[in-house]
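Reader: I'm new to this one and would like a close look at a single part, the place where two neighbouring strands meet. Start there, please, and then show me what else is worth finding as I look around.

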Amino acid sequence: MSLNIESVTKKFGSFTAVDDLSFNIPEDQIFGLLGANGAGKTTTFRMMIGLLNPTMGAITWDGRPLTEKTSHVIGYFPEERGLYPNLKVSDQLLYLGRLKGMSKQEIRIQVKKWLERFKVPEYENKKIEELSKGNQQKIQFIAAVLHKPKLLILDEPFSGLDPVNVELLKEAVVELKREGTTIVFSSHRMEHVEELCEYLCILHKGKPVVHGSLKDVKRSFGKKNVTVYADFDLEYLQELSGVTRFKKVTEGAFLQVENEDVSQRIFEMISKKGFVRKFELEEPSLNDIFIEKVGASYE
Ligand code: ATP
């Protein structure tokens, strides 16, 4: 079973929100969809769950289109939260669980399990509006996973949560993956994507600009980061060919270089100059890649 997005385009009038997007998400994977505000992530998710129809192309799960009939397969955590403020947490979850075809008893078991897991068992009989925004978000997450979906779509699940709750949700996501759920999520926090995803796609103005496994994306970017701590002035390094970024820091400098050969040249050069306390070559971070692929065109 896998989710397949094939040459999907979505237009709103003459505006193209998603432009010829193709990717495949294999079963039990966590896939990250990244992009600046307005890049087309939510529109892509809405097409995945069948809330919007693609203008062109097709989205299939296990070879078949996703429709209302397959809604029990999907769990969706929307960016704009959709809970009824006046309902009690237990009633809200009962209602949503019934919509997904669950029995009352199964819902009760799952709600208890998840509220305990998220360390808020006392919220069962509270009204949604009595909860803080972050705690409402945890209830929204429970609503998305209650029926054990095969495909879980999370639109910015971690935004606005405190660090402890971010960890709770991340652990839940990893466990769901381990149990065989395919997960797609969007985030503006690169470190979350780096930590959780094996595959990712960066959308820019509706077009995929980077796509593949995290490892391949980093490898094909080519550039590396170098950290140097030394007891002599390093500023001359920024003039060297192959040095694409240079930042002075208290103990030395951070550099971005075109490839490993450049870092080797730098190492040889500075080791003749004096005492080097630290020389570290690192893969680029996803943040570096995002900034280069997307950031340059921010107005
Ligand atoms: P964010 O990170 O800010 O949530 P996003 O990547 O989720 O952004 P989308 O919400 O998918 O972006 O929006 C993509 C583009 O499509 C935006 O320019 C938005 O204004 C436009 N858009 C989305 N829905 C509609 C609609 N119903 N009618 C017209 N334009 C729309």
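**A pair of strands, and onward**

Author: Find Arg-245 and look straight across: it stands opposite Gln-256, which belongs to strand E13. Keep in mind that you're looking at a predicted model. The strand pair here is E12, residues 243–249, and E13, residues 252–257; they run antiparallel, and six bridges join them. Two residues sit between E12 and E13, and the two strands form a hairpin. As background, strands of a sheet pair through backbone hydrogen bonds, in a parallel or an antiparallel way.

Now zoom out a little. The protein's domain assignment gives domain 1 as 3–218 and domain 2 as 223–283. Taken over C-alpha atoms, the centres of domain 1 and domain 2 are 41 Å apart.

Next, have a look at another set of strands. Here four strands make an open sheet, in the order E2-E1-E4-E5, with antiparallel pairing. Its edge strands are E2 (15–26) and E5 (64–65), each of which pairs on one side only. Pick out strand E1, residues 2–12: eight bridges link E1 with E2, again in the antiparallel sense. One spot to check is Lys-11, whose bridge partner in E2 is Thr-16.

While you're on E1, stop at Ser-7, which is found in that strand. Ser-7 has a phi near 45°, a positive value in a residue other than glycine. How buried or exposed is Ser-7? It counts as partly exposed, because its relative accessibility is 35%. Lys-148 has a positive phi too, near 50°, and it isn't a glycine either. You'll find Lys-148 in the loop between helix H4 (133–145) and strand E7 (151–155). With a relative accessible area of 54%, Lys-148 is exposed.

Let's move on to the ligand. There are 13 residues around it, and the ones that come nearest are Gly-38, Gly-40, Lys-41, Thr-42 and Thr-43. E2 and helix H1 (41–48) each supply at least two residues of the shell around the ligand. Which element gives the most to that shell? That's H1, with three residues.

Zoom in on the polar atoms and you can pick out some short distances. A polar side-chain atom of Asn-37 is 3.0 Å from an oxygen atom of the ligand. For Gly-38 the polar atom is in the backbone, and it lies 2.8 Å from a ligand oxygen. Ala-39 also brings a polar backbone atom, 3.1 Å from an oxygen atom of the ligand. As for cover, the ligand on its own has 640 Å² of accessible area, and the protein covers 63% of that.

Last stop: the cysteines. A disulfide is a covalent bond between the sulfur atoms of two cysteines. How many disulfides does this model have? The count is zero. Take Cys-197, which is in no disulfide: its nearest cysteine sulfur is that of Cys-201, 11 Å away. Cys-201 is in no disulfide either, and looking back from there, the nearest cysteine sulfur is that of Cys-197, at 11 Å. The cut-off for a disulfide is a pair of cysteine sulfur atoms within 2.5 Å, so a separation of 11 Å doesn't qualify. Cys-197 is buried, with a relative accessible area of 5%. Cys-201 is buried as well, and its relative accessible area is 0%.

How values were computed:
Residues numbered from 1 in each chain as written. Predicted model: local features only at pLDDT ≥ 70, side-chain atom pairs only at ≥ 80, totals over all residues. Heavy atoms only, no water. Pairing = 2+ DSSP bridges. Buried < 20%, exposed > 50% of the residue type's maximum accessible area, 1.4 Å probe, protein only. Domains from an automatic or database assignment. Near = heavy atom within 4 Å. Polar contact = N/O pair within 3.5 Å; in protein donor to acceptor, adjacent residues only side chain to side chain. Areas by Shrake-Rupley, 256 points an atom, 1.4 Å probe, with all protein chains shown as cover.
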